[in-house]
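Reader: I am new to this structure and should like to be guided through it step by step. Please begin with the conventions that I shall need.

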Amino acid sequence: MRMWHSLAVALGLLLPVACGDSSSYNDATQTTPVSATVNFRLQEVIGSAAGLIGPMDLQAPLNDSRLFIAERPGRICIVQNGALLPAPFLDISSRVSTGGEAGLLSFAFDPQFSTNGFVYVHFIEPTGNANGDIVVERYQVSSNSNLLDVSSVQPVIRIQHRDFSNHYGGRVAFGPDDMLYLSTGDGGGGGDTLMNGQNTLTHLGKLLRLDVSALPYTIPPDNPTWGAAQPSEIWAIGLRNPFRYAFDTPTQRLYIADVGQGAREEIDVVAAGASGINYGWNITEGTLCPAGPCPPPGLTAPVYDYDHGGGRCAIIGGYIYRGAAIPALEGQYLFSDLCTGFIRSLSLQNNVATVSEAPIVNVGNPLSFGQDGFGEIYVLTADNRVLKIVSP
C-alpha cells in the first residue's frame, strides 16, 4: 500500500493507495508528450505566515473582489483588499472530520447568490466510527455580507462513506445548466475494493447532478436511468477519486481530473450536457486496461493521461482560463501534480490534446486550484500559501 510519507501529516489527501504490479496492464495509448511551453509567473497573495491552515478551495461570486478560501479543518476565510480577515465567513470545524483524506473539501456560490445569498458547503462529517460521511449543506449569508448565518443551515445530501478514510472525491459546483454537481470517490481502499465505481446502486465513484432550486432537492428528469424505471442522482459513473472537475461555459465542456492508482493520472473531457458517461474505473485506469480489449467498448477514454515517472503521483485539476490578465492562456485548462508541482496547460482541437508546461514555474506541493470572481486562477499549497497565476 502506497502512502504519502511527509505529506501525510500536512494533508493525507489524494495520493493513490496502490497495490499490485502495473506491468500486467494492456497499455493501449501512449501518454501525450509535453510539446510546448506556456509562460506565466506566480504571485504570492497569501504567505505561509498569514495563518491559513490547509487551504482547500478558493471561490468568489461573479465580479466580487473578495477571495473566499476553505480550510481543511472546517473554516471558510475571506481575503479582502489583500488582507485575511480575522473573522471567518463560516466556522463548522467542530463538525468536520480531518482523518485520512477528510476535511472541508469545497464550496459553491449559488448562481443567484446576489439575490438569494445561498452557499453550498461540502465536507466530511464524523459518524461515530473511524471515518465519515460525505455531506453537502446550504447556508445563507447574514446581514453582514462577510458572515454566513449558521442558523440558516439546510441539509442537501449525505452519502455514507464508512469503510475507508480515503477517496472521498470530490467537489461541489454548479454547471452551466444551474444544476448542482457533486463528484465522489469510490469509497477507498486499493483497486476499488468495494467495487463501487461500476455499481449504479451506490453514489460512490460517481458524478451526481441535483436540482436544488428548492430543498429538499429533486432529481432532474433528464438524468440517466441506469436501467431503472426512474432517473437517479447519478450523472456519470466509473470514477476513482475525482478530486476536482470544472465546467467551461463558453465551450460547454466538462473537465474531470481523476486521481489514478499505481500507474496513470487522467483528464476526461466531455460535453457538459453528456449524461450516462462511464469513465471506466475500475475496468480501466487512464488508458490502461487490466484485461483486453483496450479500450473496452462503451467506456469513455481520457483525452490525456500521464504516468508516475519522475516522482509524479496524483493529478490536481484546475480550471479553464477565462480571465483577462493573460490573453495567451485563454481557453487553456491548467492542472498540476501533488508531488512534483509542475503547472501544465491542456488545449483541445478536434478532441486532440496539446499539453504545454511552464518551464520555470513550480508550486511545490499543490493542494488545489481556485478561481476568483473575474476568472483569474490561483494555486493553494501544502505550506499554506495562495499563489496567483499572473502575466510573465
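Author: Helices (H or I, at least four residues) and strands (E, at least two) are DSSP runs, numbered from the N terminus. This is a predicted model, in which local features need pLDDT of at least 70, side-chain atom pairs count only at pLDDT 80 or more, and totals for chains, interfaces and linings use all residues. Residues are numbered from 1 along each chain as its sequence is written, and side-chain values use heavy atoms, with hydrogens and water left out.

Reader: Where is asparagine 282 placed?

Author: The peptide bond that leads from tryptophan 281 to asparagine 282 is cis, with omega near 5°. Asparagine 282 belongs to the loop between strand S20 (277–278) and strand S21 (288–289).

Reader: Which residue precedes proline 216 across a cis peptide bond?

Author: Proline 216 is placed in the loop between S15, a strand of residues 207–210, and strand S16 (234–237). Most peptide bonds are trans. The bond into proline 216 is cis, with omega near 0°, and it starts from leucine 215.

Reader: Which strand gives the largest share of the largest nonpolar core?

Author: A nonpolar core is a set of buried Ala, Val, Leu, Ile, Met, Phe, Trp, Tyr and Cys residues joined through side-chain atoms within 4.5 Å; buried means under 20% relative accessible area, exposed over 50%, and partly exposed in between (1.4 Å probe, protein chains only). The largest core has 64 residues, of which Phe40, Ile267, Tyr304, Phe335, Leu346 and Ile389 touch the most other members. Its largest share, four residues, comes from residues 315–320, that is, strand S23.

Reader: How many residues make up the second, separate core?

Author: Among the members of this second core are Ala60, Ile78, Leu90 and Val119. It is separate from the core already described, and its residues number 19.

Reader: Which residues does leucine 346 contact, apart from its sequence neighbours?

Author: Leucine 346 is one of the residues that touch the most other members of the largest core. Contact means heavy atoms within 4.5 Å. With neighbours within four places in sequence left aside, the partners of leucine 346 are Tyr255, Ile267, Val303, Tyr304, Gln332, Tyr333, Phe335, Ala353, Thr354 and Val355.

Reader: Is serine 356 buried or exposed?

Author: Serine 356 sits in strand S26 (residues 352–357). Beyond four places in sequence, it contacts Val34, Ala36, Thr37, Val38, Ile343, Arg344 and Ser345. Because its relative accessibility is 8%, serine 356 counts as buried.

Reader: Which strands stand at the edges of the open sheet of four strands?

Author: Two strands pair if DSSP finds at least two bridges between them. The order of this open sheet is S17-S18-S19-S22, with antiparallel pairing. Two of its strands have a single partner each, so one side of each is left without a neighbour in the sheet. These edge strands are S17 (244–248) and S22 (304–306).

Reader: Which residue of S22 is the bridge partner of glutamate 266?

Author: Strand S19 (residues 265–271) runs antiparallel to S22, and three bridges join them. Within S22, glutamate 266 has as its bridge partner aspartate 305.

Reader: Why is S14 described as largely enclosed by the rest of the structure?

Author: Leu180, Leu182 and Thr184 point one way from S14, while Tyr181 and Ser183 point the other way. S14 is joined to S15 by four bridges in the antiparallel sense, with tyrosine 181 opposite arginine 209. S14 is largely enclosed because, of its five residues, the number buried is five.

Reader: How many residues lie between S13 and S14 in their hairpin?

Author: S13 and S14 pair antiparallel over four bridges, and glycine 169 has threonine 184 as its bridge partner in S14. The turn of the hairpin contains aspartate 178, whose phi is positive at about 65°. At 41% relative accessibility, aspartate 178 counts as partly exposed. The number of residues between S13 and S14 is five.

Reader: How far apart in space are glycine 175 and arginine 253?

Author: Glycine 175 also lies in the loop between S13 and S14, and at 7% relative accessibility it counts as buried. Beyond four places in sequence, it contacts Tyr181 and Phe247. Glycine 175 and arginine 253 are 78 residues apart in sequence, and their C-alpha to C-alpha distance is 9.8 Å.

Reader: What is the phi of asparagine 63?

Author: Most residues other than glycine have a negative phi. Asparagine 63 lies in the loop between strand S4 (55–59) and strand S5 (67–71), and it is exposed, with a relative accessible area of 53%. Although it is not a glycine, asparagine 63 has a positive phi of about 65°.
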